[in-house]
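Here are my notes for your review. Please read them with the structure open.

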Amino acid sequence: MSVSARPLSLVKPLLLLLLLATLTSGCKGQTTATKMETTKQNPLLCDPESGVCEMPVAAAPAVAAATPAVQRVKIIYYTDPICSSCWGIEPQLRRLKLEYGPALDIEYRMGGLLPDWSYNSGGISKPADVAHHWDEVSQYYDMPIDGDVWLEDPLASSYPPSIAFKAAQLQDPAKALLFLREMRELVFLRKKNIAKWEHLTTAATAAGLNVAQLKADFDGPAKTLFEQDLALGRQLGVRGFPTLYFVDAAGGREVVYGSKPYATFEAAVLKLNPAATKSPYGKTWQALFSKYATLTAREFAELSGTPRAESEKVLNELAAAGTLEKLMTKNGALWQLQPR
């Protein structure tokens, strides 16, 4: 069973070190419980400047410290399959894994960005209101996002794909991450409602998961695991996505809240583990596409070191030569190796 699949009662003591006060690093506008009684922030109204998809929650109480027992830097990553800001940090997160992977232990948790459409604030009260917002943040993050899914086949909730992710973790943690990427590509680029089982099946098949087992776990223990993620998130004071908690063996902690430049993520690792060294990795297009099945121009620039102004040209030339296949959307493209 994956780390994320453990019962809440077995969560490592180090999690109790994470106080809500740490969230002040990288976030703005802390909201009191009293204010939240009268003001709600629509979770899909992500703030490009802070890089956060924020939820309306009351402040969590501080929790007692305990002695941690980990060897590497632990990253507890709270995310959601339809969080546009989380899609926005894919380039940075992929690079972090390539450069510091051996020094990291990353634990994915689901935060439940959109329970339903009971929110009515910030100019977003119905699915159609999200369409223009997604188009705007696509340009801001320089990652392709087509908001028309909210006009053509809108999601009623992000809970189904979140529960499906927990089911995938039970089956295979590595394939679960591929599954999450597939779901995001379906909703952000292909305009598919990933709350529907037919599209979850498509993503699961592409990730190499056993679909029958996924459905059984989806209908069984995965819901409980998702509820445990939500409960832990409330305990830690998670109020938006992405939220990444960095924790070391000595109890040191850093929080990266929202979409930030790569240097911010790297600095958090090095502050907790100054001895961490970068792992060399291949930066040619061949090496990168052998590691990742799909890349955006922003991702290719981040991982290869190619200037962003040139990265799309390189990828387009490879597509024109028949080496890569290009999926074009109204707000950008995705490239993958041509099937043999």
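In which sense do strand β7 and strand β9 pair, and over how many bridges?

1. The model is predicted. Strand β7 (residues 294-295) runs antiparallel to strand β9 (residues 332-337), and 2 bridges link the pair. One contact to check is Leu295, whose bridge partner in β9 is Trp335.

2. β9 also pairs with strand β8 (residues 324-329). The sense is again antiparallel, with 6 bridges. Here Met328 stands opposite Ala333 of β9. The connection between β8 and β9 is a hairpin through 2 residues.

3. Next, strand β5 (residues 243-247). Is this strand enclosed or open? All of its residues, 5 of the 5, are buried, so β5 is largely enclosed by the rest of the structure. In a regular strand, side chains alternate between the two faces of the sheet. Look at the two sides of β5 in turn. Thr243, Tyr245 and Val247 lie on one side, and Leu244 and Phe246 on the other. Both faces are covered.

4. Which strands flank this segment in the pairing? Strand β2 (residues 73-79) pairs with β5 in the antiparallel sense over 5 bridges. Strand β6 (residues 253-257) does so too, antiparallel and over 5 bridges. Leu244 is a useful marker for both pairings. Its bridge partner in β2 is Tyr77, and Val256 stands opposite Leu244 in β6.

5. The turn between β5 and β6 deserves a look. This hairpin has 5 residues between the strands. Within the hairpin, Gly251 takes a positive phi near 100°.

6. Now the interior. The largest nonpolar core holds 74 residues. Ile82, Leu96, Trp134, Trp150, Phe179 and Phe246 touch the most other members. Helix α7 (residues 173-188) supplies the largest share of this core, with 7 residues. Phe246 ties this point to the third one, as a buried residue of β5.

7. What does Phe179 contact beyond its neighbours within four places in sequence? The list begins with Ala164, Phe165 and Ala168. It continues with Leu200, Ala203, Ala204 and Ala207. Leu209 and Leu214 complete the set.

8. A second core is separate from the one above and has 15 residues. Among them are Leu288, Phe289, Leu318 and Ala333. Ala333 also appears in my second point, where this β9 residue stands opposite Met328.

Technical notes. Residues numbered from 1 in each chain as written. Predicted model: local features only at pLDDT ≥ 70, side-chain atom pairs only at ≥ 80, totals over all residues. Heavy atoms only, no water. Core = buried A, V, L, I, M, F, W, Y, C linked by side-chain atoms within 4.5 Å. Buried < 20%, exposed > 50% of the residue type's maximum accessible area, 1.4 Å probe, protein only. Helix = DSSP H or I, 4+ residues; strand = E, 2+ residues; numbered from the N terminus. Contact = heavy atoms within 4.5 Å. Pairing = 2+ DSSP bridges.
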